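Hello,

Here is the structure I said I would pass on. My notes on it follow below.

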Amino acid sequence: MKLELLKLWLQWLAFWLLLFLLGRLVFIAIIFSFGFAPPAQWPESILHSLRLDISMASYFLLLPWLLTGLFFFLSKKAWSKAVDGIFIVVLLLNAFITIGEACLYTEWKSKLTAQALTYLTTPDEVAKSANLAITITFLGLSLGLFLVSVWVYFRFFRLPSSFQASWKWAVPQWLLGCAALLVGVRGGFQNFPISRSDAVFSTNPVLNDLAINPAWNLAKDCLEYYANNRSNPYIEMPEDQAQAIVDSLYYIPKDTSISILSQARPNVVFIILESWTAYASKSLGGDSFTPFFDSLAQQGLLFTRCYSNGYISDQGMPAILSSQPCTRRMSLINQTQKARRIPCINEVMKANGYQTGFLFGGDLNYGDMKSYILSKGFDVVLDEKNVPPSPNKSKLGTNDWEMATIVNRKIAESKTPFFHVWYTLSSHSPFDIPDPIESLTPVENLYINSIRFSDKALGRFFQIARTQAWYNNTLFVLVSDHSHYNHRQIESHTMEYHRIPFLLMGPALRPEWKGKTWDKVVSQLDITPSILAQLKFDRSAFFWGKNIFNPYTKPSAFFTLYFGSGLVEEDGYVSFSQDYSWYMGTDIPDTNRQELVARHGKAMQQRVFDDYLKR
């Protein structure tokens, strides 16, 4: 046939578009089977996905189509094997990306990104943290999608053995196909190449995520991830304007502080609660899944509007201990040289005569936390490698119930005054706990069960601690490292998703502060400088945080999303995304005020990334 080559081009394009459609249907099935109901409008995503799908299909077809130019120079058998080999490799890659993103979404509610791929540097820990059902789903469906894809390709879309072409007709068709692929890659004839925003159509992030081709998004994100180490992608305004806005957010006319401590040099114990959301605690307006924490809240100072800075542990850790903010897709502690250049509360405490320790029941290699912790000079570092073996050990390490005893023992061995950090574990995926799983919530039931188990472990820790001599001279700081998608199904672009527990309690807290609530906006970044201010230690290195106990402090909380950033001020929040430039989540009714808070947030995002580049 005269147009045989053009027909082959169209068949290949149709093959990839059908495969992308199948991937979306599998995505919907996977997240639905894990209790996450997709929005009813999800079919609209298919229509809006078409341009990015064509772009990605064009990328996948570039090499096979270029090889067709060698059709007349190679034997048909050699040419066919080369094209088949390329298709098999790309189909395998596409299967892993498609199913991997769907499985990741059940936990992170995020598309597959370069940041997620960095965890593959510790595959053993990834395997431990993965839910068994999700792991089986990933491996099984990846293999299934790959085999189906290969079968369909060889059955319907492979070059037929009867294929014939002549120079006269083939060359123009081949050139036309090359031109069409280049236009497809670019996304059309518009002034600017295609971007994620061309698939975005809704204020619901799930619909937008579904519309954005997973392979295209991952490739773009990897390029941006590595390019971002050289330049700031968040330039929204001249540098001096951004700095002036940030300075205004941090300006205080007088450096003073309310005193909340009854002792000048108390012991300080940080308990970092893995993935706790405010909505698991009745004392924070949530549900009654943390009865012991709620009982502690009645004995301490509870912060009802504290917001996490990031969305994963290796962002939450430096936010709490180093007052170091993050931007999306970046975890500074994953980069050893940069991590060494940020301050840590541990260093200040040691310089003032405190013995220090970091106590964790899991593997600190996960998220590359080990290099960060060791570089900060903790006197004692405990992880699963030096925790006594236990028959009830979970996939990730020693569970919180058993660590409650171990942590108490380690603290009792310390010289006073001391500073210790206990980082809990059991409320991290795969939520492997020794207690029976009860039906507590219709969605995220395993997660909520793990929160309840961690709360019970807290009870055991304090039951033992209260019998120890060191307890009466101690301030406890309880705070979550980040929030988590939960039974309330709050969307991740809202400030409420990022609201987390933060509580100060213990004998070192003045009696008049016990049983009180602090209802102003507080950021994770504020915790370290606020504690140091109470101890009258130097906090100048922690300039991204504020002393919340200074009456002149202007409250705000900058937070990072998988797809953007946001800022909380006293009257509400605004979230924004560079990819979804027109989209803005907010609860502020006045549009002028919305724009002002958004500008404040974008200035923060710009300056935070500038700081990251300079580290």
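**What was found**

Leu18 lies in helix H1, which covers residues 4–33. Please keep in mind that this is a predicted model. Leu18 also belongs to a nonpolar patch on the surface, made together with Leu21 and Leu25 and covering about 240 Å².

Next, the sheet. Strands S12, S13, S14 and S15 form an open sheet of 4 strands, in that order, and the pairing is antiparallel. Its edges are strand S12 (556–560) and strand S15 (584–586), each of which pairs on one side only. On average, neighbouring strands in this sheet are turned by 15° against each other, direction ignored.

At one end of the order, strand S14 (residues 572–576) pairs with S15 in the antiparallel sense, over 3 bridges. Within this part of the model, Ser575 stands opposite Gly585 in S15. As background, strands of a sheet pair through backbone hydrogen bonds, either parallel or antiparallel.

The last item is Asn547, found in the loop that runs between helix H19 (527–535) and S12. Is Asn547 buried or exposed? Asn547 counts as buried because its relative accessibility is 6%, and the cut-off for buried is under 20%. Leaving aside neighbours within four places in sequence, Asn547 is in contact with Thr256, Ser257, Ser530, Ala533, Arg539 and Thr553.

Regards

Conventions. Residues numbered from 1 in each chain as written. Predicted model: local features only at pLDDT ≥ 70, side-chain atom pairs only at ≥ 80, totals over all residues. Heavy atoms only, no water. Pairing = 2+ DSSP bridges. Helix = DSSP H or I, 4+ residues; strand = E, 2+ residues; numbered from the N terminus. Axes fitted to C-alpha atoms, helices over the stretch in contact; angles between N-to-C directions. Patch = residues over 30% accessible without salt bridge, like charges linked within 9 Å, V, L, I, M, F, W, Y side chains within 5 Å. Areas by Shrake-Rupley, 256 points an atom, 1.4 Å probe, with all protein chains shown as cover. Salt bridge = Lys/Arg side-chain N within 4 Å of Asp/Glu carboxyl O. Buried < 20%, exposed > 50% of the residue type's maximum accessible area, 1.4 Å probe, protein only. Contact = heavy atoms within 4.5 Å.
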